[in-house]
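User: I am new to reading protein models and would like some help. Could you walk me through this one, feature by feature?

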Amino acid sequence: MARLTALKDWRNWRQGRALRPAPGADDVENATQRVLMYGVLPMWFVPAVADWVMHRRTDIEKTTGVKESAIHALMMAEAGVPVLAGLVARVNPLVLTMMGGAAAVHSATAIWDVTVATEDREVRPVEQHIHSFLEVLPLAAVVITSCLHWESVRDLAHGGKRPDAWKLLPKERPLPGKYLAGIAAGVGAFVALPYAEEFIRCVRARKSGA
């Protein structure tokens with residue numbers, strides 16, 4: 001019965017009143033929402049493209065190749081899954097745990113990535129600085145989301161005893177459809193497309209023996 005109820009909730013996930021920062025409001029909650037929605041998330045696109053450019057300039061396809069590019073894909077998945085959950089799902093102890101766990105795993109994978117990269121490819125200081133932005137953004141998203149949902153943080157600290165604490169449920173007030181479409185388009189254009197091109201380029205280079 002609980003599963004059927006959850007599925008019904010997801011079928012109607014766009015029916016609630018959209019969540020928008022109040023126009024002209026300067027209180028902490030609205031300001032924090034703006035920072036998260038229009039600062040932290042879109043900010044991911046700039047270092048992602050810059051990192052792809054650095055990989056291309058240092059001939060990743062001729063050095064670390066498919067192995068490093070596959071790690072990049074893994075890191076995107078580690079960041080993308082909790083971002084998707086935070087965008088469409090109700091922020092409760094389950095989602096906060098997903099976000100925190102993914103951020104920790106992402107940081108560990110980032111260390112593995114640099115270890116692999118420095119074996120055969122020149123990792124320039126500029127690229128290392130770009131990595132610092134990519135590593136801190138997931139942590140920043142977790143912290144800001146926690147500030148906006150302090151009651152869920154408190155619930156998590158007490159073991160998540162509320163009835164819906166460990167259920168993946170849609171937001172009661174979903175984010176605007178245009179905003180979600182914009183974020184999806186940005187992820188496709190500035191993250192998925194460049195790194196798909198990188199992976200294909202690496203695979204082709206390995207097949208040709210370059």
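User: Let's begin with the secondary structure. How many helices and strands are there in the chain?

Analyst: Counting these elements is a good way to start. This is a predicted model, and its chain has eight helices and zero strands. Read along the sequence, the pattern is α-α-α-α-α-α-α-α.

User: What box do the C-alpha atoms of the chain fill, and what share of its residues is buried?

Analyst: Taken along the principal axes, the C-alpha atoms fill a box of roughly 55 × 45 × 30 Å. Of the 210 residues in the chain, 40% are buried. Contacts tell you about the fold as well: among those between residues at least 6 apart in sequence, 84% join residues at least 24 apart.

User: How do I check a single helix? What span should α3 have, given its 13 residues?

Analyst: You compare an expected span with the one in the model. At 1.5 Å a residue, the 13 residues of α3 should span 18 Å, and its end C-alpha atoms are 19 Å apart, so the two agree.

User: Which residues of α3 are buried, and which helices do they pack against?

Analyst: The buried residues of α3 are F45, P47, A48, D51, W52, M54 and H55. Their packing partners are α2, α4, α6 and α8.

User: What follows α3, and what is the sign of its phi?

Analyst: α3 is followed by D59, with a positive phi near 55°. D59 has this positive phi although it is not a glycine. Its place is in the loop between α3 and α4. With a relative accessible area of 33%, D59 counts as partly exposed, because that value lies between the 20% and 50% cut-offs.

User: Now the interior. Where do nonpolar side chains tend to be in soluble globular proteins?

Analyst: The general idea is that in soluble globular proteins, nonpolar side chains tend to be buried together. In this model, the largest nonpolar core has 16 residues, and those with the most contacts inside it are L36, V40, W44, I144 and V191. At least two residues of this core come from each of α2, α3, α6 and α8. The largest share, six residues, is supplied by α6.

User: Which residues is I144 in contact with, leaving aside its neighbours within four places in sequence?

Analyst: I144 is in contact with T32, V35, L36 and V40. Apart from the largest core lies another core, of eight residues, among them M37, L87, L175 and L180.

User: And pockets? What is the volume of the second largest pocket, and which residues lie nearest its centre?

Analyst: For a pocket, look at its volume and then at its lining. The second largest pocket has a volume of about 210 Å³. Its lining has 14 residues, and V83, L87, I183, A184 and V187 lie nearest the centre. Both α4 and α8 supply at least two residues of this lining, and α4 gives the most, with seven. By class, the lining has 13 nonpolar residues, one polar residue and no charged residues.

User: Let me try a single residue in α4. Is H72 buried or exposed?

Analyst: H72, which is found in helix α4, is buried, because its relative accessible area of 5% is under the 20% cut-off. Not counting residues up to four places away in sequence, H72 touches H55, I60, D113, Y195 and E198.

User: For contrast, is A157 buried or exposed?

Analyst: A157, in helix α7, is exposed, because its relative accessible area of 66% is over the 50% cut-off. The C-alpha atoms of A157 and G100 are separated by 13 Å, with the two residues 57 apart along the chain.

User: Let's finish with the loops. Where does E122 lie, and what does it touch?

Analyst: E122 lies in the loop between α5 and α6. Not counting residues up to four places away in sequence, it touches T58 and E127. E122 and A196 are 74 residues apart in sequence and 21 Å apart in space, C-alpha to C-alpha.

User: And where is the place of R173?

Analyst: R173 is in the loop between α7 and α8. It is partly exposed, with a relative accessible area of 31%. R173 and H158 are 15 residues apart along the chain, and their C-alpha atoms are separated by 25 Å.

Definitions and conventions. Residues numbered from 1 in each chain as written. Predicted model: local features only at pLDDT ≥ 70, side-chain atom pairs only at ≥ 80, totals over all residues. Heavy atoms only, no water. Helix = DSSP H or I, 4+ residues; strand = E, 2+ residues; numbered from the N terminus. Buried < 20%, exposed > 50% of the residue type's maximum accessible area, 1.4 Å probe, protein only. Contact = heavy atoms within 4.5 Å. 1 Å grid on protein atoms, 1.4 Å probe; cavity = no way out; pocket = protein on both sides within 12 Å on 5 of 7 lines; lining within 4 Å. Points joined across faces, edges and corners; volume = space filled by probe spheres on them. Nonpolar A, V, L, I, M, F, W, Y, C, P; charged D, E, K, R; others polar. Core = buried A, V, L, I, M, F, W, Y, C linked by side-chain atoms within 4.5 Å. Expected span 1.5 Å × (residues − 1).
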